[in-house]
Amino acid sequence: MSAIFNFQSLLTVILLLICTCAYIRALAPSLLDKNKTGFLGIFWKCARIGERKSPYVAFCCVIMAFTILFSE
């Protein structure tokens, strides 16, 4: 089943996108900062969410890991 139609998979993909964008921005900020608008602006916005809401994102990642490991 595609990640679009499975809610748990969709949440996992979104969390991974946020964490990956925040990590890339920490390593190379100019890579994401030049694309603040348009389609590629989604990655910049995900990086900002990952930076500003990092305790909440980390908590969601831990909860998601436990549900993937122990619920299936």
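A nonpolar core is a set of buried residues of types such as Ala, Val, Leu and Cys, joined through side-chain atoms within 4.5 Å. Keep that in mind for these close-ups, which all come from a predicted model.

**View 1. Here is the largest nonpolar core, built from 8 residues.** Look for Leu15, Ile18, Cys21, Leu32, Cys46, Ala47, Val57 and Met64. Three helices give two or more residues each to this core: α1 (7-27), α3 (41-52) and α4 (54-71). The top contributor is α1, which supplies 3 residues.

**View 2. Now zoom in on Leu32, one of the core residues.** Skipping its neighbours within four places in sequence, Leu32 touches Cys21, Ile24, Arg25, Phe43, Trp44 and Ala47.

**View 3. Next up is Arg25, which sits in helix α1.** Arg25 counts as buried because its relative accessibility is 16%, and the cut-off for buried is under 20%. Again leaving out neighbours within four places in sequence, its contacts are Leu32, Asp33, Trp44, Ala47, Arg48 and Glu51.

**View 4. On the outside, Phe7, Leu10, Leu11 and Ile14 make a nonpolar surface patch.** The patch covers about 350 Å². Phe7 is part of helix α1, and with 60% relative accessibility Phe7 counts as exposed.

**View 5. This one follows residues 54-71, which an unreviewed UniProt entry labels "transmembrane region".** In the model, this stretch is 100% helix and 0% strand. From one end C-alpha atom to the other, residues 54-71 span 25 Å.

Methods: Residues numbered from 1 in each chain as written. Predicted model: local features only at pLDDT ≥ 70, side-chain atom pairs only at ≥ 80, totals over all residues. Heavy atoms only, no water. Buried < 20%, exposed > 50% of the residue type's maximum accessible area, 1.4 Å probe, protein only. Helix = DSSP H or I, 4+ residues; strand = E, 2+ residues; numbered from the N terminus. Contact = heavy atoms within 4.5 Å. UniProt positions renumbered as here; feature names shortened; annotations may be inferred. Patch = residues over 30% accessible without salt bridge, like charges linked within 9 Å, V, L, I, M, F, W, Y side chains within 5 Å. Areas by Shrake-Rupley, 256 points an atom, 1.4 Å probe, with all protein chains shown as cover. Salt bridge = Lys/Arg side-chain N within 4 Å of Asp/Glu carboxyl O.
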